[in-house]
Amino acid sequence: MLELLGDLNFTTFTVAVAGIVVGMFFGALPGFGGSASLAIVLPIAIVMSPLNSMVFLLGIYTGGHYGGGIPAVLIGVPGDASAAATVLDGFPMTRNGQASEALAMLAMGSAVAGIFSIIAFLIFAPILARVALSFGPPELFMLVVLGLTIIGSIEPSNMFKALFAGALGLAIATVGVDPYWGRPRMTMGLPQLYDGFPFIPSLLGLFCISQMLVLIDQKGLVTSDKSVAKPSFARTLRGMVDCFRHWRALAIGSLSGTFIGALPGAGATIAAFIAYNLTKNTSPVPETFGKGNPDGLIAPEAAQNAIVGGSMIPTFALGIPGSGAAAVLMGVMMYMGLRPGPQLFLEQLTLIQLLCIYLLLGCFVMIAIGAVAASTFYRVTRIPLPILVPSVVVAASIGAFSYRGEIFDLGVMVGFGLLGFLLQKRRYPLSAVVLGLVLGPMAEQYFIQSLQMSNWDFMIFVTRPITMVLWVLIIFSVVVSVLLYRKARRDAAATRTAG
Amino acid sequence: MAVLREALIPLVLLISAGTYWWMTRALPSASTVFPYVIMGFMTVMGVAIIVKEFLTSGSDRKDDPLVTWRAPALLVLSAGFVAMFVQIGFVPAALIFLCTSYIVLGTKPLLAVIVAASLTGAYYLLFAVLIGMNL
């Protein structure tokens, strides 16, 4: 592969950097992350050479995941659904006056996981593709259930509310035509609801609008002046080095993101939440999660970026897109006359290897951008809230409107904003609602497909080898959640006694 | 009173779930098995939340988070922005919404007008002119 270094050229490298910067920009805009940003730049991508086009699109995809974490850390608004897990500890870090460190860890965690997943792609693509192929609907359903068990441990001291919120998200996701007979459910005669509540506007309402409503109740800035340490290049670099001290979270995020990315349809959100849950449940200090623990930021962020290399595995090796963004990439590849599948590795090996080299270089560029721009990004938290909040509301409205150009979606966004605000005020975790909302359609689809496969025999969920392994993981996750819940109750009781 | 406040969200959402059941009860079971399982679980959790609140003594309760007039005002302004978007289009709607919100939330009028006009222009330039969105 070293002989390929001679084939590298500056133009393609510039395209990779441009892709990452564009991706970061769109990722940071609420509602424009993932496949939406890829769709926007398609007209530019298809006039490039095949290599430049793929480098550009994958650069946007990589940069987008990192960019989505920036508003999640700074103002508690995820750029896309997968960054909802980043909010859990990223925003508390900012509120604790560690925005600089959080942004540095975001960049380093994203880049390291990206590098790991690309190397994994190069080495393990054929093997992982075979493993991923053995995941049928029952296994995927159990994987979604595993993702849902995270809800219980999101807020152990408030487990009933977390579970209620998760079920609410799942219930909202069942509005629309059903996947079995295609009958409308709870659509109230509105054709706009036949596909369910539009996802991006719902997400923007739940997270962005509700967060803005919460923030506007406090005067001044996102973080109080007293708690803020002045950002500097040195602090950012220190934060980046510190990231490696959290190697366990980095490893969990990178591994789970790469593996889950290789499963068609599983996606970055489930990977981010599973990584968060695994890190929390195996941490010696799980009670510090949700209060600004760096592990809780690094693990989901690493998982989201490891998805890029992971989702390339089924896309390139099997011709099955591993995510919505991978589907867009596959469409472009086919438009350019490249046939994704096992043959691609024989016919276009040089192209794939070059693509990986540029993506690896892109990850280093991401670290450099993160180091240089952290203090610039940080200035967002210095904008007075009476200016910041309405400006974000307009940006979110554009994001919601861009989804399908329907004014109805703006109404959905405002409605969900009110719902999210009320839920936050009564201490229901919004991340549980979003998790339910994301996983609901997948859960129902795989559930129905599995039952159709087995002629409505529910034993299909317990008799297959991979489902049995997943059951063990689910039981482990539930048991740990219950233990955390008990510990949280004991701690609360001890605090009351001491008080 | 605290119990009532805590019970309000589960009750309203469980009534919505009941409405869902009422509107879908005639559908074949394959269409409704999944949502009914979820709503059954939601009901159990909703009841658990209310019961837990009944059993919680006054001193154990956390204080209600502060809600000022600002959040309801922003919500009304946002709803107004959506209504204006339909009637008069993005640029005038965004300009009026931003200007009004800034002033209502305590920004000086001159600064509010300048920032609102600049930001509306920047949004339009970026999304409508550069990206080609039909705003």
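Biologist: What share of the 499 residues of chain A counts as buried?

Modeller: In chain A, 63% of the 499 residues count as buried. The term means under 20% relative accessible area, with exposed over 50% and partly exposed in between, using a 1.4 Å probe and protein chains only. This is a predicted model, where local features need pLDDT of at least 70, side-chain atom pairs count only at pLDDT 80 or more, and totals for chains, interfaces and linings use all residues. Residues are numbered from 1 along each chain as its sequence is written, chains are lettered from A and ligands numbered from 1 in the order in which they are written, and side-chain values use heavy atoms, leaving out hydrogens and water.

Biologist: And what percentage of the 135 residues of chain B counts as buried?

Modeller: For chain B that figure is 39%. Its accessible surface comes to about 7300 Å², of which 74% belongs to carbon and sulfur atoms. Chain A exposes about 17500 Å², with 69% supplied by carbon and sulfur atoms. These areas come from the Shrake-Rupley method with a 1.4 Å probe; for residues, only the protein chains shown count as cover.

Biologist: How many helices and strands does chain A have, and how many has chain B?

Modeller: Chain A has 20 helices and 2 strands, while chain B has 5 helices and 0 strands. Both kinds are DSSP runs numbered from the N terminus: helices are H or I with at least four residues, strands are E with at least two.

Biologist: Why is A:Met212 called buried?

Modeller: Its relative accessibility is 0%, so A:Met212 falls under the cut-off and counts as buried. A:Met212 sits in helix α8 (residues 199–216) of chain A. Beyond its neighbours within four places in sequence, A:Met212 is in contact (heavy atoms within 4.5 Å) with partners including A:Ile75, A:Val392 and B:Leu74.

Biologist: What makes A:Ser402 partly exposed?

Modeller: Its relative accessible area is 28%, which lies between 20% and 50%, so A:Ser402 is partly exposed. A:Ser402 belongs to helix α16 (residues 385–404) of chain A. Its C-alpha is 9.4 Å from that of A:Ile200, although the two are 202 residues apart in sequence.

Biologist: How do you know that α16(A) and α5(B) are roughly parallel?

Modeller: Helix α16 of chain A and helix α5 (residues 109–130) of chain B pack at an angle of about 25°, with their axes 12 Å apart. Angles under 35 degrees count as roughly parallel, over 145 as roughly antiparallel, 65 to 115 as roughly perpendicular and the rest as oblique, so this pair is roughly parallel. Axes are lines fitted to C-alpha atoms, for helices over the stretch in contact, and angles run from 0 to 180 degrees between N-to-C directions.

Biologist: Which residues make that contact?

Modeller: Among them are A:Ile387, A:Ser391 and A:Ile398 of α16(A), and B:Leu119, B:Tyr123 and B:Phe127 of α5(B). By class, the contact of α16(A) with α5(B) has 9 nonpolar, 1 polar and no charged residues. Here Ala, Val, Leu, Ile, Met, Phe, Trp, Tyr, Cys and Pro count as nonpolar, Asp, Glu, Lys and Arg as charged, and the others, Gly among them, as polar.

Biologist: Why is α3(A) called oblique to α4(A)?

Modeller: Helix α3 (residues 50–75) and helix α4 (residues 84–95) of chain A pack at an angle of about 50°, with axes 6 Å apart. That angle is outside the ranges for roughly parallel, antiparallel and perpendicular, so α3(A) is oblique to α4(A).
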